[in-house]
Amino acid sequence: MTHGDYVEDSLNSTETTETELGTITLSQKASRIIGIYGIATIETATAGEGTAAIFRLSSEDVDLAPCKFPAQVIYGPAGTLADNAHEFTPKIIPVNIPVRGQTRIKCYMKLTKAQTGDCRGLVGIIYE
């Protein structure tokens, strides 16, 4: 059976330092991670502030190092249209990482360039 979970939080948009988004605890029956994804949302895009984002996974329960991947970046329109809905399909990165039940995985994200507007990060894990 396939399961999924994610964490989401505000990113430190004025610096390019890594932000801890939270910890995902896999179910008791988890045996392997089969997919991961990361999404950085630049909620109010500003001209000339293009960026990329990187997400990282770490765990004291299983050896994941190194585990850094490019994140998908989604820009909101500038000005009063910033909250308009966006439709997209997350880009799932296939992986094959053996795990034990109740494995805890910390999720981090950072931007490569500081942003004027608010930013959020989301990291998800798909597992069996």
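Let me start with an arginine and a tyrosine. In this predicted model, R56 sits over the face of Y108, and its distance from the ring centre is 4.1 Å. On aromatic rings paired with one another, the count for the structure is one pair. Such a pair of rings is described by how far apart the centres are and by the angle of the planes.

With that contact in view, I turn to the fold as a whole. The protein chain has zero helices and eight strands. Read from the N terminus, its elements follow the order β-β-β-β-β-β-β-β. The chain has 128 residues, and 41% of them count as buried. How are the contacts distributed along the sequence? If we take contacts between residues at least 6 apart in sequence, 82% join residues at least 24 apart.

A word on confidence is in order. The mean pLDDT of the protein chain is 87, and 86% of its residues reach 70 or more. Strand β2, residues 19-25, has the highest confidence, at 97. The lowest belongs to strand β5, residues 68-75, with a mean of 90.

Next, the cysteines. How many disulfides does the structure hold? The number is zero. C67 is in no disulfide, and the nearest cysteine sulfur to it, 9.3 Å away, is that of C107. Why is there no bond at C107? Its sulfur lies 9.3 Å from the closest cysteine sulfur, in C67, and that is too far for a bond, because a disulfide requires the two sulfur atoms to be within 2.5 Å. Are these two cysteines buried or exposed? C67 has a relative accessibility of 5% and therefore counts as buried, the limit being under 20%. C107, at 0%, is also buried.

I would now like to look at the loop between β7 and β8, where I have two residues to discuss. The strands on either side are β7, at 104-111, and β8, at 119-127, and Q115 is found in the loop between them. With a relative accessibility of 3%, Q115 counts as buried. A polar atom of the Q115 side chain lies 3.2 Å from the backbone oxygen of K113.

The second residue is T112, also located in the loop between β7 and β8. Why is T112 classed as partly exposed? Its relative accessible area is 46%, so it falls between the 20% limit for buried and the 50% limit for exposed. What does T112 touch beyond its neighbours within four places in sequence? Its contacts are T16, T51, A52 and A53. With T51 there is a polar contact between the two side chains, at 3.1 Å. T112 and E18 are 94 residues apart along the chain, yet their C-alpha atoms are separated by 9.8 Å.

A similar approach in space is found for E15, which belongs to the loop between β1 and β2. The residue in question is K110: E15 and K110 stand 95 residues apart along the chain, with 8.7 Å between their C-alpha atoms. E15 itself is partly exposed, at a relative accessible area of 43%.

From that loop I step back to strand β1, residues 3-10, which contains D9. At 34% relative accessibility, D9 counts as partly exposed. Which residues does D9 touch, when those up to four places away in sequence are not counted? They are E20, L21, R120 and G121. D9 can also be placed relative to T19: the two are 10 residues apart in sequence, and the C-alpha to C-alpha distance is 8.8 Å.

I close with two points of backbone geometry. Where is there a cis peptide bond? One runs from A65 to P66, with omega near -15°. P66 lies in the loop between β4, at 53-58, and β5. The other point concerns Q102, whose phi is near 70°, a positive value in a residue other than glycine. Q102 is found in the loop between β6, residues 93-98, and β7. With a relative accessible area of 38%, Q102 is partly exposed.

To recapitulate for the discussion: R56 lies over the face of Y108, C67 and C107 are 9.3 Å apart, sulfur to sulfur, and T112 forms a side-chain polar contact with T51. The backbone features to keep in mind are the cis bond from A65 to P66 and the positive phi of Q102.

Technical notes. Residues are numbered from 1 along each chain as its sequence is written. This is a predicted model: local features need pLDDT of at least 70, side-chain atom pairs count only at pLDDT 80 or more; totals for chains, interfaces and linings use all residues. Side-chain values use heavy atoms; hydrogens and water are left out. Helices (H or I, at least four residues) and strands (E, at least two) are DSSP runs, numbered from the N terminus. Buried means under 20% relative accessible area, exposed over 50%, partly exposed in between (1.4 Å probe, protein chains only). A polar contact is a pair of N or O atoms within 3.5 Å; within protein, one must be able to donate a hydrogen and the other to accept it, and residues adjacent in sequence count only if both atoms are side-chain atoms. Contact means heavy atoms within 4.5 Å. Rings of Phe, Tyr and Trp (its six-membered ring) pair if their centres lie within 6.5 Å; planes under 30 degrees apart count as stacked, over 60 as edge-to-face and the rest as tilted. A charge sits over a ring if NZ of Lys or CZ of Arg is within 6 Å of the ring centre and within 35 degrees of the ring normal. pLDDT is the predictor's confidence in each residue, from 0 to 100.
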